[in-house]
Amino acid sequence: MTSYTLALLPGDGIGRDVMVEAEKVLNIIEELTPLSFETNKIPCGGMHYLETGEEWPEGSFEFCRDEADAILLGAVGWPGAMTESGDLAGGSVILGIRSGLDLYANVRPIRLYEGVRHNIHGEFMQVWKPGQVDMIIVRENTEGLYHSLLRRSADKAQGREGWDPGSMEFPGLEGEVAWDPRPISRNGSERVFRYAFEAARRRNGCPRDGTTRVTCVDKSNVTRGCQLFNRIYHEIAEEYPEIETDHAYIDAFCMWAVRNPEWFDVVVTPNMFGDISTDLASVLQGGMGIAASANLGDEHGMFEPVHGSAPKYAGKNKTNPMAMINSVALMFDWLGETKGDADCKAVSDFIELAVTEVLKGDTLTYDLGGTSGTSDVGDAIVNVLEAHLRKHFAVA
Ligand code: IPM
Ligand code: MN
């Protein structure tokens, strides 16, 4: 019996809907495997802020830092929910955790499973084939254009006075000017590149011909931060001579990702470029209903669907829970890796298998061309998962 302490942060909108399905998955795992969970469900986000005046209860950050083995997040952000300082309400949850727990690698797998059709112009068709899309985008997660808000959020989560970048004069600009510095550091870059190269070592290469390749995506033709980022990429690449190096400017990457996704294996990019390009890349795998993510540091991990809180679908039993359930699979994979727990590894594989099997059937939500509800899809995944767990863990 191994017990893990999990922080569950449903957050806002559809984040709450998909967390219900994640809990069903956790329950069946607890029932049928030697794993057990101590879960702490923490209310948080913009809706919670509007109701209570706080983004999450006091002590929540400390719980995530000191008690939780892993953190599972739904989504944060709600229309009209801004803090007094004018920041996103819920920011000290998602960004406070990313920055405060030093989760420097935001890993977003883009894999197209069999049976998934692409919704283009409202029609469902197969544009890319399953064997053509299997990459991970590693988004730097602690600096870049997010740095100011990350820093303010982490300060707030830890009860410190918020850092402010101060003011600056911009020659040639008159009147009101708002600005966000975009610092990129050597340390921040080194660690995210090392993560990317190590991840490439564990994978099977790009779909096209199995070449193991790390693509640095930046804008080093324009910005100094990216010039440093790119320089450090080449330095770290020298430690991995067996891995092919590759480079694309972010604008060109967006084109190539759509046109020749089979080229890409591991892609690594600064914070904001990673935010934008992963929404684009989610289309390759069938959309945001499937896209999962792992926010990883050396000591902590937070797992969340890439999608946001989607207010217009909140509470309507419409949202695809697969992005969340895939994030649960990433969580078990990471727990398996970091704790050396083979049961967690097996559970991760079975969750992924269950999702792929359900994707071949017709219990699908609207985003994949189906008419099923969030709970139907969650139940279908749990049913398949249950059969696999019973067999593997030999529970009568
Ligand atoms: C994401 C989200 C967040 C981000 C928001 C909710 C702050 O869009 O995880 O991609 O911009 O990082
Ligand atoms: Mn985003």
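Gly301 is buried in this predicted model, because its relative accessibility is 2%, and the cut-off for a buried residue is under 20%. Gly301 belongs to strand E12, which runs over residues 301-305. If you would like a distance to check in your viewer, try Leu149: the C-alpha atoms of Gly301 and Leu149 are separated by 20 Å, and the two residues are 152 apart along the chain.

Two loop residues come next. Asp87 sits in the loop that links strand E3 (70-75) to helix H4 (91-100). Is Asp87 buried or exposed? Asp87 has a relative accessible area of 13% and is therefore buried. What does its side chain touch? The side chain of Asp87 forms a polar contact with the side chain of Arg152, at 2.8 Å.

Gly210 is in another setting: the loop between helix H6 (186-202) and strand E8 (213-218). Its relative accessibility is 39%, so Gly210 counts as partly exposed; that class spans the values between the buried limit of 20% and the exposed limit of 50%. From Gly210 to Trp263 the C-alpha distance is 9.3 Å, although 53 residues separate the pair in sequence.

Now for the ligand. Which residues surround ligand 1? They are Leu88, Arg98, Arg108, Arg139, Tyr146 and Asp275. By class, this shell holds two nonpolar residues, no polar ones and four charged ones. Arginine side chains supply the polar contacts listed here, each to an oxygen atom of ligand 1:

| Side chain | Partner | Distance |
|---|---|---|
| Arg98 | oxygen atom of ligand 1 | 2.7 Å |
| Arg108 | oxygen atom of ligand 1 | 2.9 Å |
| Arg139 | oxygen atom of ligand 1 | 2.8 Å |

Along with these contacts comes a good share of cover: on its own, ligand 1 has 320 Å² of accessible area, and the protein covers 77% of that. Where does ligand 1 sit? The space that ligand 1 takes up is the second largest pocket.

To bring the ligand picture together, Arg98, Arg108 and Arg139 are among the residues of the shell, and the side chain of Arg98 places an N or O atom 2.7 Å from a ligand oxygen. Away from the ligand contacts, keep the Asp87 and Arg152 side-chain pair in view as well, with its 2.8 Å polar contact.

Key:
Residues numbered from 1 in each chain as written. Chains lettered and ligands numbered in written order. Predicted model: local features only at pLDDT ≥ 70, side-chain atom pairs only at ≥ 80, totals over all residues. Heavy atoms only, no water. Near = heavy atom within 4 Å. Polar contact = N/O pair within 3.5 Å; in protein donor to acceptor, adjacent residues only side chain to side chain. Areas by Shrake-Rupley, 256 points an atom, 1.4 Å probe, with all protein chains shown as cover. 1 Å grid on protein atoms, 1.4 Å probe; cavity = no way out; pocket = protein on both sides within 12 Å on 5 of 7 lines; lining within 4 Å. Sits in = over half its atoms within 2 Å of the grid points. Nonpolar A, V, L, I, M, F, W, Y, C, P; charged D, E, K, R; others polar. Helix = DSSP H or I, 4+ residues; strand = E, 2+ residues; numbered from the N terminus. Buried < 20%, exposed > 50% of the residue type's maximum accessible area, 1.4 Å probe, protein only.
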